Amino acid sequence: MDLQLLFDSVGSATLAMILVTGVLATGGACHLAFQVREQKLLQAFTPICLLPSFVALLATLNSVITGISIQLQSPQSDLQISTTTRLLMHATPLLVGLAASVPALVLTCFSRFVIIYRDIHAESDESQLADSGDEPNLITPTEQITRDADEYLAKLVRPR
């Protein structure tokens, strides 16, 4: 597709808004994926990744409503738009919005998968280490705290 045709069919302001929201969503997803690495934050950020698609949907709805009102106000013989042109005019912003949303969505979902996968395997590795330890009676930290507290109370209560 020619770049000028893209600007003409989508509109430069709409295209700029879609691309800016796509870049911001991808930047936010990169920050959360590589710096923060929290599964809950990535899960909460996933709907924000769809913001470029939402902007494109609003632009498409505006375009459809405007196109319908123009055709209703003009005589039939003056304005004949082919169905292919109409489809191009109305579907192109949606395609651009979806394309702008995809990198942020893929990054967010893949990062969530990696974090969950890493946590699952870390737990299984810890359980394997606990099962194959040299001491047969390994105690957990809560059991150790309880045991220490009981010993301390026994020393306090013991008659002199």
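**A loop threonine, the nonpolar cores and an aromatic pair**

The backbone oxygen of L42 lies 2.8 Å from a polar atom of the T46 side chain, in a structure that is a predicted model. T46 itself is found in the loop that runs between helix α3 (39-45) and helix α4 (51-73). With a relative accessibility of 16%, T46 counts as buried, the cut-off for that class being under 20%. When residues up to four places away in sequence are set aside, the residues touched by T46 are L105, T108 and R112.

L42 also belongs to the largest nonpolar core of the model, a set of ten residues made up of A25, A29, L32, A33, L42, F45, C49, A104, L107 and I115. Helices α2, α3 and α5 are the elements that each give two or more residues to this core, and the largest share, four residues, is contributed by α2. Another core, of eight residues, lies apart from the ten-residue one, and includes L6, L15, V55 and V96. Within the ten-residue core, C49 is in contact with A25, S101, A104, L105 and T108, again without counting residues up to four places away in sequence. L105 and T108 are thus touched by C49 and are also among the residues touched by T46.

Helix α2, which spans residues 12-36, contains 25 residues and extends 34 Å from its first C-alpha to its last, a value close to the 36 Å expected at 1.5 Å a residue. The buried residues of this helix include L15, I18, T21, G22 and A25, together with G28, A29, L32 and A33. Many of the spacings in such a list can be read against the geometry of the α-helix, in which there are 3.6 residues a turn, so that residues three or four places apart point the same way. After α2 comes R37, a residue with a positive phi, near 60 degrees.

A search of the whole structure for aromatic pairs returns one. This pair is formed by F113 and Y117, whose ring centres are 6.0 Å apart and whose planes meet at 25 degrees, so the two rings count as stacked, the cut-off for stacking being planes under 30 degrees apart. Both residues belong to helix α5 (residues 83-131), where F113 and Y117 are separated by about one helical turn because they stand four residues apart. Y117 has a relative accessibility of 48% and therefore counts as partly exposed, whereas T46, at 16%, counts as buried.

Notes: Residues are numbered from 1 along each chain as its sequence is written. This is a predicted model: local features need pLDDT of at least 70, side-chain atom pairs count only at pLDDT 80 or more; totals for chains, interfaces and linings use all residues. Side-chain values use heavy atoms; hydrogens and water are left out. Rings of Phe, Tyr and Trp (its six-membered ring) pair if their centres lie within 6.5 Å; planes under 30 degrees apart count as stacked, over 60 as edge-to-face and the rest as tilted. Buried means under 20% relative accessible area, exposed over 50%, partly exposed in between (1.4 Å probe, protein chains only). A polar contact is a pair of N or O atoms within 3.5 Å; within protein, one must be able to donate a hydrogen and the other to accept it, and residues adjacent in sequence count only if both atoms are side-chain atoms. Contact means heavy atoms within 4.5 Å. The expected span of a helix is 1.5 Å times one less than its number of residues. A nonpolar core is a set of buried Ala, Val, Leu, Ile, Met, Phe, Trp, Tyr and Cys residues joined through side-chain atoms within 4.5 Å.
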